[in-house]
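Open the model in your viewer and keep the sequence panel beside it. This tour tells you what to select at each stop and what you will find there.

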Amino acid sequence: MGQRGLWFQSGLGESENTGSAFCYRLRGPLHHESLARAFAAVIARHEPLRTRYVYERDEPAMVIDPPTPVALDVVQAERPAGEDGIDWLVPSIQGYVSEPFDLGADAALRLRLWRITEDDHVLAIVVHHIAFDGWSLGIFQNELSYLYDHFLNGTRVTLPELTTTYSAYAEEQRRSVDELRFAEHAAYWKEQLRCAPPLLDLPTDHPRPLVQSFKGDLCASAVSPETCRGLSGVAEEEGASLAMALVAGYALFLGRWARKDEVVVGVPVANRARAELEPLIGMFVNLLPIRVRLDRDLTFRELLRQVRVTMLAAFDHQALPFDQIVQDHRRADEDQWSTPMVNVALALQTADRGRLVFGEASIEPLMVHERTSIFDLTLTMGPADDGFAGYMEYNRELFEAETISRMNDALSVVFGHCGGRPDVPLADLSLGGEEPAAQTAGEPIAASVEGQRAGHSLFDRFLSTERDDPQRAAVLDRREAMTYAELRTAIEALAAQLKDAGVVPGSVVGVHLPRGRDLLTAFLAVLWAGGVYLPLDPVHPARRLRGIVEDSGASHIVTGAVGDVPWEPGPVVLGPRPEARARLAPVAVGESAPAYLIYTSGSTGRPKGVTVSRASLDHLVVAQDALPVEGLERFAAVATPSFDASIWEMVLPLGRGGRLDFCAPEELVEALQEFGTQMLTATPSLLATVDRFPPSLRVVVSAGEALPQALARKLEQSVCLVNAYGPTEVTVCASFSTSARGQDTRSIGLALPGVNIHVLDANLREVPHGAVGEICIGGAGVALGYHGDEALTKDRFVSSVFRPGDRVYCTGDLGRWGVDGCLYYLGRVDDQVKLNGQRVQLADIEAAASRAPGVLSAAAYVGQSAAGIHLGLAVTADSGTDTAGLVTAVERSCAEWLPSGVVPTRVWAAAELPLTPSGKVDRAALAAAEPAGPEAPTDAAPPRTELEAAIADIWEAVLGTPVNDLTSTLYTLGGQSLQAVRIISEIRKKYGIGIAVRDFLSAPTVAALAERVGKELNQ
């Protein structure tokens, strides 16, 4: 059964090599005929070495070829003049061992001998994993050595009698599964893996490819004798084996590195429980998924007890093949060629590895071939010099060697902690190994905030431009321009009105105006008068705005007309209304005085206000000089007032003497074209709606959401793309990355000047580069805190242990340092999400839903449908409540209390909310259980050509379901890897062409497959 998964991974024999290569330098006399006869005898003795794997009657099948003489593949290698070693031969060796297997046409073993001289050879043995496991290597090497000596010298060889065959074992295993004799084992594994994580989300240096690759490499690893003695001592005290202690320590390391509280580690077992199986070569090994829960309150001793119980139970149920263990746990939409649930493994080498002996020839192993790695990461260990030694095998398309080296160092630290401090809580464990190393942008701009403000504040720069060029255009709104002189006049006039109305330094002034030049004027006038700017987005529900005004203690509201404010406001200032008045200098306030107060989604269900100081605002003005904005004069503004990017958009151009172009998102391209705008800041959601930007646009800043890779590739074709990152609590922006072609868009680059970025563990200690931690930000730009919430401020804004006097904001964002020195964003610690650029706390949605009568419980989640990403909400009804009416009431409540952009689009009644084993709401299960909604696509794409119709017919025949949409994927139609192979097989029969399965699965739709078939037919 294990062979079945390897056959799928080999993609009908058309994927990269998933085998092992053994290469040796042979110096001394070597008898070619004896070697060939020895190989032939071993191959004749063991069926898997002469077996082909074909596709028959919709199933993979074994074809065992009869024993035949082996013609030794000898290549005469001519040594170049002046060459002493074999470096000149390495490319030829690498080319041979990396050739893919065609399992349907060729056996799973091949060998070649390079003859350099009569007494100098290189031997390469390549065997596919489908025919060979680690145990088999010892059998193969020992038998080959014995038989060589027999054929060379006529010695008698006594090999273990083979009383069974691999094919008999395979048939017995298949029959056992078919006859349901494994029902007890299956029931155990189903319960053991219930709600287990599908795969460990290890932080990688490179994005995971669409189709799994097996290109691997090694990094030496070891457990010192001292650590080994410590682990052995703890294991003995707990009645566990050293292997169990290594699994527990390895799982702990993985959990801490990836910041996960649950890990599934694959542990291979020999699976040769019967004596008659021990002398056979073949693929017997089974993989046991060992689930480890990493409660922070546990000690290592307690963790080891858990792992011991889990592993003993797993050994009792190891007879069920891995493919059968996990068949109920594979998601329909995941890569069918990946190993479900397990992408990390720990292999303990205890079997006899054997050794080659060819008469008097000396044999030196060579490490010249390209390696493979079935899993993302595998730790292989065996006894060595009172300790353990081995290697980390890793997928080099995911990881750089530098990262693996750091992981190896951290693993040593963890093993040392486990063996030396087994009774210390796991929460106290540090991955260690590095001094604190926050990323700081250095001192290109003055180190002190005071130095930055001197002559470089927002108003300093604005007034400098106004004095030097008063007729320069400052703002363009609805195609009406306002010069710097006119803008200053309007600012001073409104500021005077505010002062006359009683605004004093520190007064919170709400601005209830839509995007446009009046909003810009009001923002600057409030600051000019010494007040605190509070944006009140007119599109938000009245109840939400009323709550914000009450919480903020706003003393005044600036609006266009009294009737525009949909509640009973306090003092209202109508404006802006430019009028000629005496000059009014900006009111002097301290650098720690608040500049603006902006409300974001709160985890308690109520919006929370973030207070940002004048110094932080002025720092933003100066720090933006680090962006690629040199020579730019025209800047777009598209953000809503409630989004802190609107602050960024307003201060950037005015701090550089540029022009601010207000553009309506629904007319974005037209406005950019007409205004000749050169720079745009927008969310990826908005950017994705634009097919083509005008030639004038030179720089695009993506902000507010994670930037999809495909969107970045599209944008960077025509503009300089900047990926900006920064929570509201650190004044809009803390770091940015200027995208290079093909760059990983998880990178959020380098810190802004004056900003310090740390990646910390749960105890606020630096984690090693490459490990996952919470992004914590200090230096200039850190907000004053949360308005009126001292407890939350103390929790999230903490004193820095790295820089005395500095405050650090703990963002709740997860990140890691990359090998390139850049910061990478990896998600959230909590249930906060970003949608359409807006920060959304799922608790905020749940609180709004709970306001509806009859709601017993509510859980929000992020769902995925054919229409894209959406917010979903499941509610349960109190007893006696009509569910149909409940959904309507919840939808109404959400509309009243939430901004339009975060109102859930799928609201449905659930009988109960699914829970994880820890008792938390299982949001992934909710998303999977979401009933079909009105957003299901109605614009299905039917076949357009005869070829597309024919391909669709093949799909329907194989899948047993109608195919009405050419863009539906194999997985959304219920297909899996076996059906993919069947579809390719039918196409081969019908059209006589071969399509690689991995190529098909990279774009598994009828449309893409028909296009590929058409190209093949036209060649």
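## First stop: a buried leucine

Select Leu 487: its relative accessibility is 0%, so it counts as buried (buried means under 20% relative accessible area, exposed over 50% and partly exposed in between, with a 1.4 Å probe and protein chains only). Leu 487 sits in helix H14, residues 484-500. Helices here are DSSP runs of H or I with at least four residues, strands are runs of E with at least two, and both are numbered from the N terminus.

Now show what surrounds this leucine. Leaving out residues up to four places away in sequence, Leu 487 touches Phe 462, Ala 474, Met 482, Leu 520, Thr 521, Leu 524 and Leu 654; a contact means heavy atoms within 4.5 Å. To try a distance, pick the C-alpha atoms of Leu 487 and Val 475: they are 8.2 Å apart, with the two positions twelve residues apart along the chain counted as their separation.

## Zoom out: the whole chain

This is a predicted model, in which local features need pLDDT of at least 70 and side-chain atom pairs count only at pLDDT 80 or more, while totals for chains, interfaces and linings use all residues. Residues are numbered from 1 along each chain as its sequence is written, and side-chain values use heavy atoms, leaving out hydrogens and water.

Colour the chain by pLDDT, the predictor's confidence in each residue from 0 to 100. The average is 85, and 87% of the residues score at least 70. Among the elements, strand S19 (residues 532-535) has the highest mean, 97, and helix H12 (residues 449-453) the lowest, 43. Over residues 440-453 the pLDDT is below 50, and this stretch has 29 contacts in the model beyond near neighbours in sequence. Residues 933-938 also stay under 50, with nine contacts beyond four places in sequence.

With secondary structure displayed, the protein chain shows 29 helices and 41 strands. Of its 1019 residues, 54% count as buried. Among contacts between residues at least 6 apart in sequence, 70% join residues at least 24 apart.

## Helix H8 and the largest core

Next, select residues 242-258. This is helix H8, whose 17 residues reach 24 Å from first C-alpha to last, close to the expected 24 Å (the expected span is 1.5 Å times one less than the number of residues). Because 15 of the 17 residues of H8 are buried, the helix is largely enclosed by the rest of the structure. Just after H8 comes Arg 259, with a positive phi near 55°.

What does H8 give to the largest nonpolar core? The helix gives the most to this core, with 13 residues. Such a core is a set of buried Ala, Val, Leu, Ile, Met, Phe, Trp, Tyr and Cys residues joined through side-chain atoms within 4.5 Å. Of the 155 residues in the largest one, those touching the most other members are Tyr 250, Phe 253, Leu 254, Phe 300, Leu 303, Leu 377 and Leu 498. A second, separate core has 28 residues, including Phe 22 and Phe 358.

Centre on Tyr 250. Not counting residues up to four places away in sequence, its contacts include Ala 345, Leu 377 and Thr 378.

## Strands S10, S13 and S14

Two of those contacts lead to the next stop. Ala 345 has Thr 378 in S13 as its bridge partner, and Leu 348 has Met 381. Strand S10 (residues 344-348) and strand S13 (residues 377-384) pair in the parallel sense over five bridges; strands count as paired if DSSP finds at least two bridges between them. Four of the five residues of S10 are buried, so this strand is largely enclosed by the rest of the structure. S13 is mostly covered, with six of its eight residues buried.

Follow the chain into strand S14 (residues 387-395), which runs antiparallel to S13 and is joined to S13 by eight bridges. In the hairpin, two residues lie between the strands, and Asp 385 takes a positive phi near 50°.

## Last stop: an open sheet

Finally, select the five strands that form an open sheet in the order S4-S5-S6-S1-S11, with mixed pairing. Its edge strands are S4 (74-76) and S11 (362-366), each pairing on one side only. Inside the sheet, S5 (residues 109-117) and S6 (residues 120-128) pair in the antiparallel sense over eight bridges. Show Trp 114 to find its bridge partner in S6, Val 122.
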